[in-house]
Each structure stands twice: as C-alpha cells, then as structure tokens.
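Hi,

Here is the structure I promised to pass on. Have a look at the cysteines when you get a minute; my notes on them are below.

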Amino acid sequence: MYYLLHTLIILLAGVEMTTAGRFKVRCKEEQVTAKAGEDDVIQCWFYSRNKASSVAFIWRKADAKGIIYNYTMSHSSLGEQDLSYRDRAEVFDSEIPKGNVSLRLKNVTLSDSGIYRLSVASRSQSTGAQVFLSIRALGTRPVIRSSSDDLSLLVLVCESSGWYPAPSVTWENGLGENLTRYSHTELTNCMGSSVCVKSTLEMDNWPTGNYTCIMWDQELDEGLWSTFTLIHRVPLGTVIGATGASVCAFILIVAVFWSWW
C-alpha cells in the first residue's frame, strides 16, 4: 500500500509539472528603467503547446483606474481602458502568434512609474507576471548666473528644473579641478513630482576662467551642463590712472632725451 501511494504521488507531481510546463510567461526584466518623453517596451513572452489564437492577455497597472490593454482571442478590446493610456498603449499584433505579449508605452511620463501586471490565459490554463517600471526625467539645461551674497562676495548660482530623481551636482573649473566642496545644493519640489535644483558655488580669490556646473543622472548615465566664463574687469579709475602714469613717464623720457642734445 505504501509503495502504491508513493507511486501515485510521483505520478500526480509529474502531471502537475507537465501541465505547468505547457503554459508559462517570461519577461526580460523584473525592473525596467525608462526616460520621460521617450517610448518604452516591457518585453514579455508566453510559451504554450496550445494554438496562440486561443490565448488572451491583459495588462494592468497597480494604481490605474482601468486596464492598460486587453487582448482577447486575437483581437484587441479597449473597453474600460484607463484614459491616460488611450492611444499610448499598444501591443505587437503580428508578433502575438509567436508568443510576444510585450507592451509598448508611448511618450512615458513620471506618472507611468509603477507595477505592471500581465495576465495570460488559454482555454484551460492561466498564468501571469509583473514588472516594475521606473521612469526617470532629465531636467532643463542648467543656467548659471553670478550674484553677491550678504557679505558682498561674488558667487555663482546654477539652476535647473524638471529632474526625477534629483541628479548629482558637480562643479569644475577650466582645468578640470573638482570644486564641488565649495558648493551648496538645494532641492525643491516642482510640478508633476519633479525636482528643482539650485546649486551655489562660493570661493575666495576667484581666478579668471571657466566654471562648469554638471547635473548628472547616474542610472541613465546622462546629464546636462553649462559653463560660465569669469572675466575680471579693471576699474575705470585704475585704467585712467595707469594710462596717465604711462603718459607722464613717456613725457619725462622725451624731456631727458632732448636735454642730452
């Protein structure tokens, strides 16, 4: 009796494994990173011994009011679709018979970040997968302006908006030397959950030359920067004084020269 029961358990387990092996879903990545303003594809495939024409699948987002995309029996059904995804979400119809159930999102925004759940079903089985989509945004090109603080010291202020998450900020001079230790960076909330960045560089004895403010997204390995050229201007009084002194010196030299003759 024991051996009969043991054999039955093995057979049942084998049937379960075989059934599960007939129908499964795989996604290329569990987490996808995309840049705001661009198109992105969440790549997933299903594997089944049944005909692809009998497969239906639905894409949902955890916090969406409706579905993202519904594909049923070889035709799309967009009823109850979340309005924010209307005309932005699509699948690859010609690739579905090959098992491609990927979702393309056009012109992604920060609000598209979140967990996307894929449900795939045949006539007798169903399975699913989920992918976390992380949207990052590059801000505007930094703008550098010069100003004076309460102590009347010259400072450089670098500002940019529309970042998510906050970028790293680096200051360099024209020789490539890192001046970030002399800076202070402030972050504030902007529109649409993005971040505004303001970085102030203050140093003593500013030498003439170029000063560059770099804002960088480490995950995307992209960034933006601007360069400010500092030119020390000699006061007009000093210029006039120096010119007057030169003229006097020239007259004196001429007078001495003529006295010799």
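Let's start with Cys-158, which counts as buried because its relative accessibility is 0% (buried means under 20% relative accessible area, exposed over 50%, partly exposed in between, with a 1.4 Å probe and protein chains only). Its partner Cys-213 is also at 0%, so buried too. The two form a disulfide with sulfur atoms 2.2 Å apart (the cut-off is a pair of cysteine sulfur atoms within 2.5 Å). Cys-158 sits in strand β13 (residues 154-163) and Cys-213 in strand β17 (residues 209-217), so the bond ties together parts 55 residues apart in sequence. Strands here are DSSP runs of E, at least two residues, numbered from the N terminus. The angle about this S-S bond is -85°, a left-handed link.

Before the rest, some small print: this is a predicted model, where local features need pLDDT of at least 70 and side-chain atom pairs count only at pLDDT 80 or more, while totals for chains, interfaces and linings use all residues. Residues are numbered from 1 along each chain as its sequence is written, and side-chain values use heavy atoms, leaving out hydrogens and water.

In total there are three disulfides, in the pattern 1-2, 3-6, 4-5, counting bonded cysteines along the chain.

Cys-27 and Cys-44 make another one, S to S 2.1 Å, right-handed with 100° about the bond. Cys-27 is partly exposed at 23%, whereas Cys-44 is buried at 0%.

Then there is Cys-190 with Cys-196, sulfur atoms 1.6 Å apart. Cys-190 is buried at 19% and Cys-196 partly exposed at 23%.

Cheers

Technical notes. Helices (H or I, at least four residues) and strands (E, at least two) are DSSP runs, numbered from the N terminus.
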